[in-house]
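Visitor: I've got a new structure open and I'd like to learn how to read it. Could you walk me through a few features?

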Amino acid sequence: MTDTRPQNNSLLIVLSAPSGTGKTTICNRLREVRPDIKFSVSHTTRPPRQNEREGVDYHFINGERFEAMQKKGEFLESAWVHNHFYGTAHSTLKAHRDRGEDVILERTLRVRRPSANSNSTRCSSSFCRLPCASWNGACGNAAPSPRKK
């Protein structure tokens, strides 16, 4: 398998799954075995929860600033979840890459089931199996599901 890492060898790890499936537990376990991995700190318009810290857990901003950043194309991805915006700024990931740091991006996968009268049955998924204590393993991609015509 070809290594597609940037020249500085930094790695972006994206962990995406539905709410309540253990993403944070996995991230914390990764940090136990690889304390050098950094978390990507996202922007949000929701207020901080107890014990959350600005710049550590999230960048807490107002809706006007979020929308201005969105219009300027400053987010790699963004979503409206539970009445608040969340987004990952390009600048955040670039800063990690420029420092040569591996970074983990934790995202909630929002799954929408097709409606009963939908003709769409196409599905594509990927699965990346990570070795328990090292990053020297390879990732495998699942083949897309057969498409019905």
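Visitor: Let's start with bridges: which residue in β7 is the bridge partner of Phe-39?

Guide: Keep in mind that this is a predicted model. To read a bridge, pick a residue in one strand and look for its partner in the other. Here, Phe-39 has Ile-104 of β7 as its bridge partner.

Visitor: And in what sense do β2 and β7 pair, and over how many bridges?

Guide: They run in the parallel sense, with two bridges linking β2 to strand β7, residues 103-108.

Visitor: Does a helix come into this picture, and if so, which strands are touched by α1?

Guide: Look for a helix lying against the sheet. Helix α1, residues 23-33, packs there and touches β1, β2 and β7. Its direction makes about 170 degrees with that of β7.

Visitor: What is the order of the strands in that open sheet?

Guide: Read across the sheet rather than along the chain. The order is β1-β7-β2, three strands with parallel pairing. β1 (12-17) and β2 (38-39) each have a single partner strand, so each of these edge strands has one side without a neighbour in the sheet.

Visitor: How many helices and strands does the chain have?

Guide: Three helices and seven strands. Followed along the sequence, they give the pattern β-α-β-β-β-α-β-β-α-β.

Visitor: What share of the residues is buried?

Guide: Of the 149 residues in the chain, 26% are buried. As for the surface, the chain exposes about 11100 Å², and carbon and sulfur atoms supply 50% of that.

Definitions and conventions. Residues are numbered from 1 along each chain as its sequence is written. This is a predicted model: local features need pLDDT of at least 70, side-chain atom pairs count only at pLDDT 80 or more; totals for chains, interfaces and linings use all residues. Side-chain values use heavy atoms; hydrogens and water are left out. Helices (H or I, at least four residues) and strands (E, at least two) are DSSP runs, numbered from the N terminus. Buried means under 20% relative accessible area, exposed over 50%, partly exposed in between (1.4 Å probe, protein chains only). Accessible areas come from the Shrake-Rupley method with a 1.4 Å probe; for residues, only the protein chains shown count as cover. Two strands pair if DSSP finds at least two bridges between them. Contact means heavy atoms within 4.5 Å. Axes are lines fitted to C-alpha atoms, for helices over the stretch in contact, and angles run from 0 to 180 degrees between N-to-C directions.
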